[in-house]
Amino acid sequence: MGRKKGLPEFEETAPDGFDPENPYKDPVAMVEMREHIVREKWIQIEKAKILREKVKWCYRVEGVNHYQKCRILVQQYLDSTRGVGWGKDHRPISLHGPKPEAVEAE
């Protein structure tokens, strides 16, 4: 008895038969949709972790100049952490969505 060669392949898109109005209509599509959502959340979490490591590295390398040199990385990290994690789906989008751009007054 041998092991299977290669990694399992996952669908990168949401399932076709899922109906958000009636999620219990097709139980298989509902489970596939739940797995899709979990997979996407894990991807977002891992991207935020990678950006956090880059920010740490930038702070160590740049020293006192990190305010200017690491600004873009910090902004990317903060944007990547908004709305990421578990239990944030039921909060208003204004609390966990990306920051709205400031409108300049004339």
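The accessible surface of the chain comes to about 9700 Å². Carbon and sulfur atoms contribute 56% of that area. These values, like the others here, were computed from a predicted model. The chain comprises 106 residues, and 16% of them count as buried.

The secondary structure consists of 4 helices and 0 strands. Read from the N terminus, the order of elements is α-α-α-α. Among contacts with a sequence separation of 6 or more, 38% link residues 24 or more positions apart.

Confidence varies along the chain. The mean pLDDT is 78, and 71% of the residues score at least 70. Helix α3, spanning residues 71–81, has the highest confidence, with a mean of 91. The lowest confidence falls in helix α4, residues 93–96, where the mean is 56. Where pLDDT is low, the predicted coordinates should not be read in detail.

Ala 48 was examined as a single site. This residue lies in helix α1, which covers residues 27–62. Its relative accessibility is 8%; Ala 48 is therefore classed as buried, because the cut-off for burial is under 20%. Beyond its neighbours within four places in sequence, Ala 48 is in contact with Tyr 77, Ser 80 and Thr 81. For one of these partners, Thr 81, the C-alpha to C-alpha distance from Ala 48 is 6.1 Å. The two residues, Ala 48 and Thr 81, are 33 residues apart in sequence.

Technical notes: Residues numbered from 1 in each chain as written. Predicted model: local features only at pLDDT ≥ 70, side-chain atom pairs only at ≥ 80, totals over all residues. Heavy atoms only, no water. Helix = DSSP H or I, 4+ residues; strand = E, 2+ residues; numbered from the N terminus. Buried < 20%, exposed > 50% of the residue type's maximum accessible area, 1.4 Å probe, protein only. Contact = heavy atoms within 4.5 Å. Areas by Shrake-Rupley, 256 points an atom, 1.4 Å probe, with all protein chains shown as cover. pLDDT = per-residue confidence, 0-100.
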